[in-house]
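Let us take a walk through this structure together, one region at a time. Have the sequence and the 3D view ready as you read.

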Amino acid sequence: AGDLMKGKRGIVMGVANQNSIAWGIARQLAAQGADIAFTYQGENLERRVRPLVESIGMDFMIPADVTDDASMDAAFDAVKDKWGKIDFLVHSIAFAGKDELQGSMVANTTREGFRRAMDISVFSFIDTARRASEIMPDGGAMICMTYLGAERTVPSYNVMGVAKAALEAATRYAARDLGPQGIRVNAISAGAMRTLSLAGIRGGKSLMGTGRDWSLLKEDTRMEGVAGAALYLLSELGHSVAGEVHHVDAGFHVVGVPDLPEE
Ligand code: NAD
């Protein structure tokens, strides 16, 4: 525990269960004194999310489906009514259909699937950045979550890789637009981690294995690392950092060729 986020208030979007990256980040921010408003996808998830939020002594929870403007309006109104302003935002939300997250990207990406992936995984960040910036009169910081599949091809990741490439570009443009207002916008590119979302990807377990075996550290990406990076980017430690895609993946992203077999 510490006080790097003492006196700071913000929104964490995307806790679904105890394995969610958003939850790992929220716990770290709370341990450093942050006050957090949690948004979750809908009534169905409340049962899972409430005990987690209560376990860290908090209770500000708001349903928010990012595809529904009325629900987003209501969520941000609720935060504005209670706090007036915020200091940080964590966007940890993405979605693509199971049919798209397998096999050939070319063969399996439908117009509707593309729209849905881009809407939930990219537009939602742009929309959220706008809404959050309107309640950040004193500046602040925002992060979103991305993956190496934006930069390089990864089997099964397919349309989500295309969406993450757009999300990383959106991070840079948002950082440019909001920089003059003293708002820093960055992305964390995490290595594969065992969450609900990973389970939706065909071969997700093997993606984790490869991530570990090819990584420089020869280990899985750990939640502490991702949460620590979030704390850095959202606190004063991250001063002067904007428009960045920061990799937390045990060094996987710099590997071009894995270790050679013994000759
Ligand atoms: P997760 O399933 O725990 O979190 C995804 C969240 O998105 C869930 O809380 C879900 O409710 C939310 N969501 C989906 N559609 C929504 C909608 N319409 N409205 C509101 N919320 C919606 O999985 P996670 O792995 O923690 O994913 C969080 C983020 O991290 C995602 O952006 C994901 O792409 C990214 N990421 C994950 C990994 C990994 O290996 N798990 C690696 C790098 C990046």
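A good place to begin is Thr195, which counts as buried because 21 C-beta neighbours lie inside 10 Å, and 20 or more are enough for that label. Keep in mind as you look around that this is a predicted model. You will find Thr195 in the loop between β6 (183-190) and α7. Which residues does Thr195 touch, once its neighbours within four places in sequence are left aside? They are Asn19, Ser20 and Ile21. Asn19 shows how the chain folds back on itself: Thr195 and Asn19 are 176 residues apart in sequence, yet their C-alpha atoms are 5.4 Å apart in space.

Thr195 also leads us to the ligand. There are 26 residues around the ligand, and Thr195 is listed among the closest, together with Ala16, Ser20, Met145 and Ser197. Three elements give two or more residues to this shell: α1 (21-31), β5 and α7 (196-199). Of these, which gives the most? That is α7, with 3 residues. As for the character of the shell around the ligand, 17 of its residues are nonpolar, 8 are polar and 1 is charged.

Now follow α1, one of the contributors to that shell. This helix is mostly covered, with 8 of its 11 residues buried. The buried ones are Ile21, Ala22, Trp23, Gly24, Ile25, Ala26, Gln28 and Leu29. Ile21 is already familiar as a contact of Thr195. After α1 comes Gly33, which has a positive phi, near 95 degrees.

From here, turn to the strands. Strand β2 (35-40) is mostly covered too, with 5 of its 6 residues buried. β2 runs parallel to β1, and 5 bridges join the two. One place to spot this pairing is Arg9, whose bridge partner in β2 is Asp35. On from β1 (residues 9-13), we reach β4, which is parallel to β1 and joined to it by 4 bridges. Here Val12 stands opposite Val90 of β4.

Val90 is a handy landmark, as it also has a partner in β5. β4 and β5 (residues 140-146) pair in the parallel sense over 4 bridges, and Val90 has Ile143 as its bridge partner in β5. Strand β5 is also where we meet the ligand again, as one of the elements that give two or more residues to its shell.

How are the two faces of β4 (residues 88-91) covered? In a regular strand, side chains alternate between the two faces of the sheet. In β4, Phe88 and Val90 are on one side, Leu89 and His91 are on the other, and all of them are buried.

Next comes helix α2 (residues 43-55), which has 13 residues. From its first C-alpha to its last, α2 reaches 19 Å, close to the 18 Å expected at 1.5 Å a residue. Look along α2 and you can find a bend of about 40 degrees at Val49, with a proline, Pro51, following within four residues. Val49 is also one of the buried residues of this helix, which are Val49, Leu52 and Val53. What do these buried residues pack against? They pack against α1, β2 and β3 (61-63), which brings us back to two elements we have already visited. Just after α2, Gly57 takes a positive phi of about 75 degrees.

Positive phi angles turn up beyond the glycines as well. Ser156, in the loop between β5 and α6 (158-178), has a positive phi of about 70 degrees although it is not a glycine. Is Ser156 buried or exposed? Ser156 is buried, because 21 other C-beta atoms lie within 10 Å. Asn158, in helix α6, is another residue that is not a glycine but has a positive phi, in this case about 45 degrees. Asn158 is buried because 26 other C-beta atoms are within 10 Å.

Our last stop is Phe123 in helix α5 (residues 111-133). Phe123 counts as partly exposed because it has 17 C-beta neighbours inside 10 Å, a number that falls between the limits of 12 or fewer for exposed and 20 or more for buried. The C-alpha atoms of Phe123 and Ala166 are separated by 9.3 Å, and these two residues are 43 residues apart along the chain.

Key: Residues are numbered from 1 along each chain as its sequence is written. This is a predicted model: local features need pLDDT of at least 70, side-chain atom pairs count only at pLDDT 80 or more; totals for chains, interfaces and linings use all residues. Two strands pair if DSSP finds at least two bridges between them. A residue is near a molecule or strand if its C-beta atom, placed from the backbone, lies within 6 Å of it. Ala, Val, Leu, Ile, Met, Phe, Trp, Tyr, Cys and Pro count as nonpolar, Asp, Glu, Lys and Arg as charged, and the others, Gly among them, as polar. The expected span of a helix is 1.5 Å times one less than its number of residues. The bend at a residue is the angle between axes fitted to the seven residues ending there and the seven starting there. Two residues are in contact if their C-beta atoms, placed from the backbone, lie within 7 Å.
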